[in-house]
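Let's take a friendly walk through a protein model. Have a look at the structure below, and then we will go through some of its features together.

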Amino acid sequence: MPNVGRTADDADPSKAHSVSQSLAGLAAVLVASCSSGFAGVYFEKILKGSKQSLWLRNVQLAFFGIIFGFVGVVTNDLEAIRKNGFFQGYTTVAWIVVILQAFGGLVIATVVKYADNILKGFATSLSLVLSA
C-alpha cells in the first residue's frame, strides 16, 4: 500500500523520538509541579500546626541538611577536600549567593508561617517577573 497522506517527516524515526522526549519532559514537569505543591502545603501545615518556634524548625531542618550534605561530600569529594580544603574555589560571588539563599529561606519560612502557601507562590512568581 502506498504512503498516501504521509510526508517524509512522518517516516523519520528521530521525529518520533523527539515527541517521546517532549512527552517525558512534560510528564516530569507535571510531577515536579504537583510534588512541589504538596510539599508547600505540607510545610505550611507543619509550621502552623506545631507548638515549636520557626527558629527551632529551621535548626532541625539545617541539622538534617548538614548530615545528608556531609555524607555526599565524604562520598564524592573527600580527596579534594583533604588536598585543598572545604571552601576551595569559593569566590566573593559564591559567598553572596550563599548568603542570599540563606536569607531567602528565612523569608520564605516567615511568609508561610504568617501568611499562606498561595501567597508565597504569588510572591515567588512576581519576584521572577520583576527580576527577569
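## A nonpolar patch on the surface

Start on the outside of this predicted model. Phe63, Phe64, Ile67, Phe68 and Val71 together make a nonpolar surface patch of about 530 Å².

Take one of these residues, Ile67, which sits in helix 2. Is Ile67 buried or exposed, or something in between? Ile67 counts as partly exposed, because its relative accessibility is 36% and the partly exposed class runs between 20% and 50%.

## The bend in helix 2

Helix 2 covers residues 54-84, which makes 31 residues. A straight helix would reach 45 Å at 1.5 Å a residue, yet the end C-alpha atoms of helix 2 are only 36 Å apart. Where does helix 2 bend? Look at Asp77: helix 2 bends there by about 90°.

Just after helix 2 comes Gly85, and its phi is positive, near 95°.

## One salt bridge

How many salt bridges does a search of the whole structure find? The search finds one. In helix 2, the side chains of Arg82 and Glu79 meet in a salt bridge, with 3.4 Å from N to O.

Why can such a pair form? Side chains of opposite charge can pair when their charged atoms come close. An α-helix has 3.6 residues a turn, so residues three or four places apart point the same way. Arg82 and Glu79 are three residues apart, and therefore about one helical turn separates them. Arg82 is exposed, with a relative accessible area of 61%, and Glu79 is exposed as well, at 56%.

## Glu44 and its distant partners

Now move to helix 1 (residues 13-49), where you will find Glu44. Glu44 counts as buried because its relative accessible area is 16%, and buried means under 20%.

Which residues does Glu44 contact, leaving aside its neighbours within four places in sequence? They are Val112, Ala115, Asp116 and Asn117. Ala109 is another residue to find on screen: Glu44 and Ala109 are 65 residues apart in sequence, but their C-alpha atoms are 8.7 Å apart in space.

## The whole chain

Stepping back, the chain has four helices and zero strands, so its elements run α-α-α-α from the N terminus on. Of its 132 residues, 6% count as buried.

Among contacts in the chain with a separation of 6 or more, 63% join residues 24 or more positions apart. The chain exposes about 10800 Å², and carbon and sulfur atoms supply 71% of that area.

Terms used
Residues numbered from 1 in each chain as written. Predicted model: local features only at pLDDT ≥ 70, side-chain atom pairs only at ≥ 80, totals over all residues. Heavy atoms only, no water. Helix = DSSP H or I, 4+ residues; strand = E, 2+ residues; numbered from the N terminus. Buried < 20%, exposed > 50% of the residue type's maximum accessible area, 1.4 Å probe, protein only. Contact = heavy atoms within 4.5 Å. Expected span 1.5 Å × (residues − 1). Bend = angle between axes of the 7 residues up to and from the residue. Patch = residues over 30% accessible without salt bridge, like charges linked within 9 Å, V, L, I, M, F, W, Y side chains within 5 Å. Areas by Shrake-Rupley, 256 points an atom, 1.4 Å probe, with all protein chains shown as cover. Salt bridge = Lys/Arg side-chain N within 4 Å of Asp/Glu carboxyl O.
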